Amino acid sequence: MPSMAQPRPSSNHTRNSDSIARKDKLKKQRECLPIAPVKQRLIEEVKKHGVLIIVGETGSGKTTQIPQFLFDAGFCLNGQVIGVTQPRRVAAVTVAKRVAEECGVELGQMVGYSIRFDDKTSASTRIKYMTDGLLLREALLDPYLSRYSVIIVDEAHERTVHTDVLLGLLKDVLKARSNSVTDRAHIDNKTQNKSTLMEEENDRHRTAFLKQCQGRKLPPLKLIVMSASLDARGFSEYFGGAKAVHIEGRQHPVDILYTLQPESDYLDATLITIFQIHLQEGPGDILVFLTGQEEIEGVERSVQERLHQLPEGSRKLLTIPIFSSLPSEQQMRVFMPAPAGHRKVILATNIAETSVTIPGIKYVIDPGFVKARSYDPAKGMESLKVIPTSKAQALQRSGRAGREGPGKCFRLYPEREFDRLEDSTEPEIKRCNLSNVILQLKALGVDDIIGFDFMEKPSRAAIIKSLEHLFLLGALTDDCKLSDPVGHQMSRLPLDPVYSKALILASQLSCLEEMLITVAMLSAESIFYNPRDKSDEAKSAQKSFLSPDGDHSTLINVYRAADELLEKRKMEDSEERNEKNIKGKNEKNFRKWCKDNFINGRSLRHARDIHSQIRGHVEQMGLPISSCGDDTLQFRRCLAASFFLNAALKQPEGTYRALASGQVVQIHPTSVLHRSKAECVIFNELVQTNQKYIRSVTRIEYLWLSELAPHYYAMGS
Ligand SMILES: Nc1ncnc2c1ncn2[C@@H]1O[C@H](COP(=O)(O)OP(=O)(O)OP(=O)(O)O)[C@@H](O)[C@H]1O
C-alpha cells in the first residue's frame, strides 16, 4: 500500500474573510475531536491489517475524519477511492457535504456521495459516501470492487440486511484481492456461471471488466468496520480474529435523565417533555424520536394545537418532521438553522439516529420505541411492529445531543428498564422476508444461499420460504437459478420482487402506465389523511376518487387528478415569466387541493418522485409502456396475475380467508371495499392489530386465479 502523503486539491472558494474564518473554525473543531490525537496510530493499524474494527464514542470523529486520514496517508494514489457505506441515505448525503466543506472542496469533486437515484461523484472523487445497498449494486458490475482501496462499513451495529450481505461479499473480495492474480479463479468461476445466465448487457459489461482485470494485480483491499456501539468481538471473530481498536473519549458530555415511573402513554409524555424543555431549559433545539410518519404527524398537530398556551413573548416553537418517505429536499430542512426567535423541534424516526449531526440540537427526547420489521416464514407474512429500542440504539439517540456542546437526553422510561433492554438490535436479516436479498445474491452469482457465509444465518425456513416465493413469481428456474429474462429483469429493479414482477407483467398486458402509478402510490405512506374529528368531511371530499373496483384504481384516480391539476397550472403559467411566482403559485394551489381533498401532500409528492424514478428504470430496460385506458378489467386481471399469492375469498359469515396462508382476515375500514360484497379480492398488505386486516384491496374473479396463476392454484392451494 502506498504510504506517500498526497497533497489535497486547493479550494476554489473565494477567499473572502468569511470563508477564511469558517475554514479556521472548522480546522480548530477538527483538531479538538477525540480522534485527532490518534491519527497516526490509526493509519499504522490500517496499513498493518487487512480488516480493522474501530469502536469509538458517538461524535468522536470516526465518520468524518478517518476517510480524510487515509486520504492524507496516500490510500488514494493511483486514482483509488475510499468508500464509506452508511445504512441511510440522509447520513451519506449530509456527511459528504460536511467532509467536502472540511476539505475545502466542492461537493462531487474530491468528496462525493452516491445513493439510489442521486449521484454526486465525478472522476476526481476519492472519498465516496454511499448507502450499503448502493455498494451492493456496484458489486454486480465490478465484483472485485476494483476502484476501492479501502471500504469502510460505518454504523455496522445497525445490522441492516444490506450491511450483513455486504460483509459476506466483502469477505470474498478481500480473499480474492489479497492475492488477486492467483486467487482470481475463485471469483472468475462465480462470475463465469453468472455470465452464462446474465442478460446480454450485463454479460458484455462483465466480460469487458474481466478482460480489463486480466493479469492485472489489484492491490489488497482494506476493510474497516466501525460503530460507536459495536459488538467488536463478534465482528472480529467473523473476520478470523481481526484487530479491534477502541478510541477513547467523547467530545461533549450528555446528561441522561430517566423518568421515575414507566409512562402509560409515551406520546403524551413526549408532548409534556417538549413543552417542559421549551419553558424551563436554556436555548438549543430539540430532537424527538418517534416510530413513524403517522405518529410524527400526530405529535406535530398536537404541538401546533398547544402553541397558543405558551406565555406571551416566549420563544416560538417550530416543528420539522423527518422520516424516510419524505422527499429528500424536505428532509434537508432539519439541517437549516431555526429562524431568529424560534426553537426547532425535530420529529424524527430512527432515520436521524446514527451518523448525522443536526446543527443546533442540544436536547434529545427518546420515548424508547422503534418500528421494526418482523417476518413469519410459516405464514409468509411480514409486518411492522413497535418494539422497545436496544441499548445500542438508545446510545446512538443520546449521541445526537452533545455534538456541538454539552447536551441532555430525556429517556421517557425508568433507568431500570434501560438495564433490561437488549444490548443490540436483532439483525434485520433474521426478521425479514429474504426474497429481495436472495434475488440480489443470485444476481451476484451466489447460488448456494444456505451455504453463504452470513455473519448470522437467517433461519433455513425463512430462506426456503423466500426461494419458494421467488420461484412462484417466476424469478427462479427449477434448479434455483435466476430465470432469463424475468429473474434478471427483476433483480435490476430496486423494488420488492413482487412489485418488480407486477411491472414486467403489466408491460405484457398493456397496462404498465397504471401499474407504475400503483407501485409508486403503494410505496409511499398513507395517501389519504383521515382525521378522527373530521371523518365525515374527509369521506365526502374523497368520494370523487373512489373506484368500485377497489383501492388500486382509487389511488390511480388520485394520482391522475393531481397530475391534471399540476399540468393545467403549468399551461396556464406558460405565459408567466417569473419562475419564482410560478413555483410559489403552484405550490400554494397544490397544497390547497390536498387540504380540500384530505390528501397527504407529502406522501403524494413522494409517490410522484418514486414514479418518475421507476419509470426511468423501466424505460432503460426497454419495457413497452402503454395504458389500458378505461379497460379496468385488463388492469384488474393484471393485479390478479401479479398478486395471486395475496388473494382472499369471502366466507359465509362475512370475513375473508387468505388463500395462501389460510388466515382469517377482514378488509380494513379505510379500504374502499370495506363492507363491500366482493367475493374474491387481492391485497398488498396484511396488518395485525387486534384483528388481522388486509389493506390495498381490489376485487377480482376467483376463476382468474387458476387461469392466470395455474402453477400455484392448480397445485390445490
Ligand atoms: N454537519 C455538521 N455540522 C456541524 N458539525 C458537524 C457536522 N458533521 C460533523 N460535525 C462535528 O464533527 C463531529 C464528529 O462527527 P462524526 O460524524 O465524524 O462522528 P462519529 O464518531 O462518526 O459519530 P457517530 O458514531 O455518531 O456517527 C461531531 O460531533 C460534530 O461536532
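**Ligand shell, core and barrel**

Let me begin with the ligand, which is surrounded by 21 residues, the closest being Thr 58, Gly 59, Thr 63, Thr 64 and Thr 357. I should say at once that this is a predicted model. By character, the shell around the ligand divides into 14 polar residues, four charged and three nonpolar. Two helices, α3 (62-72) and α4, each supply at least two residues of that shell, and α3 gives the most, with four residues.

Helix α4 brings me to the interior of the protein. The largest nonpolar core holds 183 residues, and the members that touch the most others are Ile 82, Ile 224, Val 288, Ile 346 and Leu 503. To this core, helix α4, spanning residues 89-103, gives the most, with nine residues. If we take Ile 82 and leave aside residues up to four places away in sequence, its contacts include Pro 67, Leu 70 and Phe 71, and also Arg 126, Ile 127, Val 150 and Ile 152.

Let me turn now to the barrel. Five strands close into it in the order β17-β18-β19-β21-β20, with mixed pairing, and neighbouring strands of this sheet are turned by 50° against each other on average, direction ignored. Within the barrel, strand β18 (residues 656-658) pairs with strand β19 (residues 664-667) in the antiparallel sense over two bridges, and Tyr 656 has Val 665, in β19, as its bridge partner. Finally, helix α24, residues 632-642, lies across β20 (680-688) and β21 (692-700), and runs at about 135° to β21.

Note on methods
Residues numbered from 1 in each chain as written. Predicted model: local features only at pLDDT ≥ 70, side-chain atom pairs only at ≥ 80, totals over all residues. Pairing = 2+ DSSP bridges. Axes fitted to C-alpha atoms, helices over the stretch in contact; angles between N-to-C directions. Contact = placed C-beta atoms within 7 Å. Core = buried A, V, L, I, M, F, W, Y, C linked by C-beta atoms within 7 Å. Buried ≥ 20, exposed ≤ 12 C-beta atoms within 10 Å, placed from the backbone. Near = placed C-beta within 6 Å. Nonpolar A, V, L, I, M, F, W, Y, C, P; charged D, E, K, R; others polar.
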